[in-house]
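Trainee: I would like to go through this model with you and ask, for each label we put on it, what the label rests on.
Mentor: Gladly; let us set each value against its criterion before we conclude anything.

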Amino acid sequence: MLEVRGLESGYKRSTVLQGVDLDLAAGQVLGLLGRNGVGKTTLINTLMGLVTPSAGSVRLEGADLAGRRPDVIARAGVALVPQGRRVWAPLTVAEHLALAARRGRGRGPWDTARVIELLPRLGERDRHQAGQLSGGEQQMLAIARALLTNPRLVLMDEPSDGLAPAVVDSIGEVIAGMKQEGVTLVVVEQDLHLAFAVADEIAVMDKGRVVHRSPTLEFRRDSSIAHALLGVA
Amino acid sequence: MAGWFDANLVSILNGFAIGSLLFILAVGLSIVFGMMDVLNLAHGAFFLVGSYLAVSFVAGVSWGGFLAALAVAALFGLLAGGVLSGMTEPLARRPILDQALLTLGISLIVAEVLSIIYGNNVRSVPGPPGLDGSVQVAGSTYPTYRLMLIAVGLLLALVVWLVVERTSIGALVRASVADREMVSAMGIDNRKVKFAVLGIGSMLAAVAGVLGAPVYGARPGLDKTILILALVVVVIGGLGSVRGALIGALVIGQVESLGRALLPELASFILFGTLALVLIIRPRGLFAGKVAHS
């Protein structure tokens, strides 16, 4: 469903992505790994339209999205769970859910009731301002906000960042729940444990390119790849 | 204490009247700046257009003229804000200063056009019939119109607060102030939100100009005086916050009125002294609605 070819992108003075090729099938969960600074977040933000690509194409079920505005890309069916969560601090949980649900109503299976079933904690906190939530709750809110737009593709950027191990486990369960519902996902993760737990396949980025791709089981078996590309044993 | 209060009642009431007017003026400026990084320096010029519309429609002679001036000012503000929203769009990815220069240029043009049409004399506008007199308030004589101005200002403040804090449209505005990129990542076109907020903010500025005309009259240079007061309110209150704009406006209203009455020798210092004091204690303003993200 997603087909990225020769994608180049970056910021004013530096090109970060140096020609990314990436394919994703519907319903697949891809774990995107790589050291700091190899371009994972830039790739996610370019796919969402927050960073404008200088070359290459991004096709979602045939429609070319490269260089389009974020709102156009979102309406085409892409949702973002961004690095740092970026919930709207002054808005309540209920306001987040209402704002997202209004965009996504009638476009797919996700509605507020179903999202709260997956993330019951949000139901208990619905009158709280997002800025007062714990990191884990904010992450769940960011996931709920993305799901309620009824996306075809969800981009998650380091969902475990800064969270306690027990909370990371519950985020993993939520991602597994999304996968069961058939959501297609790209998950950028530093936490290998989480990435291995949720991903069907692992892709590794280095120096602005995707340099390796293999099924998760295979990747775990061959520790030399992880060692060479990620610097871990 | 009671004696002090009685002696300064007129100044305090004047402070509320100025504060009400400043809120109507500043709330749009604050939200647009907080939300879209558009510093609309033409805001004061839109106010002055409203004041001159009050002159044109001889707002003081009949209620019809006053209401017509309000309606035309509202329409003008809405249109002007919409046009301005379109004009700032090509500069959206440029630094704030580029947009500020654009709106500054527009404000100069508008002020010059007004000066050509209306001349450079001070034009005074009486209050509409029935409100042009004065009433006794706790033993002091006070202009009726200013009391109404306080009431209208507080009513508008309540309406704006309810819309921004309690409706779904308001939630969208607050979300845009907090992180507009994430709003667009939800499939919402930021430009439409900016168009609406700039339109309504400019409408409020022009309406404030009509409402303020019986107090300030209409004259060249009023646009800059008013703009500076509104900017001080925005900085004190914090960007993008309705509550901040209200508190900031009421504080500056009292500083302008009571401060000038009690410490006339420090009059020109006291406004900016207050600004400096707030910035030292709370550099982001009293109620910053804008939250930085990494």
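Trainee: How do you know how far apart in sequence the contacting residues of chain A are?
Mentor: In this predicted model, the contacts of chain A that join residues at least 6 apart in sequence were examined, and 66% of them join residues at least 24 apart.

Trainee: What makes chain A as compact as a globular protein of its length?
Mentor: Its radius of gyration is 17 Å, and the globule rule gives 17 Å for 233 residues, so chain A is as compact as a globular protein of that length. The C-alpha atoms fill a box of roughly 45 × 40 × 30 Å along the principal axes, and 48% of the 233 residues count as buried. As for secondary structure, chain A has 10 helices and 10 strands.

Trainee: Which domains is chain A divided into, and how far apart do their C-alpha centres lie?
Mentor: Domain 1 takes in 1-77 + 152-162 + 170-233, while domain 2 takes in 83-151. Their C-alpha centres lie 22 Å apart, and across the boundary 16 residues of domain 1 of chain A are in contact with 12 residues of domain 2 of chain A. On the domain 1 side, β7 (153-157) and α7 (165-180) of chain A each supply at least two residues, with the largest share, 4 residues, coming from α7(A). By class, that side of domain 1 has 7 nonpolar, 4 polar and 5 charged residues.

Trainee: Why is the largest nonpolar core said to lie between the two domains of chain A?
Mentor: The core has 169 residues, and those with the most contacts inside it are Leu155(A), Val187(A), Leu22(B), Leu25(B), Ala26(B) and Val233(B). Helix α2 (residues 9-36) of chain B gives the most to this core, with 16 residues. Domain 1 and domain 2 of chain A both give residues to this core, so it lies between them. To take one of its members, Leu155(A) is in contact, beyond its neighbours within four places in sequence, with Ile44(A), Leu47(A), Met48(A), Val78(A), Leu80(A), Val81(A) and Val186(A).

Trainee: How many residues of each chain are in contact, and what classes make up the side of chain A that touches chain B?
Mentor: Here 21 residues of chain A are in contact with 19 residues of chain B. Both α2 (70-75) and α3 (93-104) of chain A supply at least two residues of the side that touches chain B, and the largest share, 5 residues, comes from α3(A). Sorted by class, this side of chain A has 13 nonpolar, 2 polar and 6 charged residues.

Trainee: Why are β2 and β5 of chain A said to stand at the edges of their sheet?
Mentor: The open sheet has 4 strands in the order β2-β1-β4-β5 (chain A), with antiparallel pairing. Each of β2 (14-24) and β5 (63-64) has a single partner strand, so one side of each is left without a neighbour in the sheet. At one of these edges, β4 (residues 53-60) and β5(A) pair in the antiparallel sense over 2 bridges, a number that just meets the requirement of at least two bridges for a pair. Within that pairing, Leu60(A) stands opposite Ala63(A) in β5(A).

Trainee: What makes Glu61(A) exposed, and what makes Lys207(A) partly exposed?
Mentor: A residue is exposed if 12 or fewer other C-beta atoms lie within 10 Å of its own, and buried if 20 or more do. Glu61(A) has 12 such atoms, so it is exposed, whereas Lys207(A) has 13 and is therefore partly exposed. Glu61(A) has its place in the loop between β4 and β5 of chain A, and Lys207(A) lies in the loop between β9 (201-206) and β10 (209-215) of chain A.

Trainee: What is the phi of Glu61(A), and what is that of Lys207(A)?
Mentor: Phi of Glu61(A) is near 45°, a positive value in a residue other than glycine, and phi of Lys207(A) is likewise near 45°. Most residues other than glycine have a negative phi.

Trainee: How do you know that β1 and β2 of chain B pair, and in which sense?
Mentor: Strand β1 (residues 134-137) and strand β2 (residues 140-143) of chain B are joined over 4 bridges in the antiparallel sense, and at least two bridges are needed for a pair. Val135(B) stands opposite Tyr142(B) in β2(B). Their hairpin has 2 residues between the strands, and Ala138(B) takes a positive phi near 45° there.

Terms used
Residues numbered from 1 in each chain as written. Chains lettered and ligands numbered in written order. Predicted model: local features only at pLDDT ≥ 70, side-chain atom pairs only at ≥ 80, totals over all residues. Core = buried A, V, L, I, M, F, W, Y, C linked by C-beta atoms within 7 Å. Domains from an automatic or database assignment. Contact = placed C-beta atoms within 7 Å. Nonpolar A, V, L, I, M, F, W, Y, C, P; charged D, E, K, R; others polar. Rg over C-alpha atoms; globule rule 2.2 N^0.38 Å.
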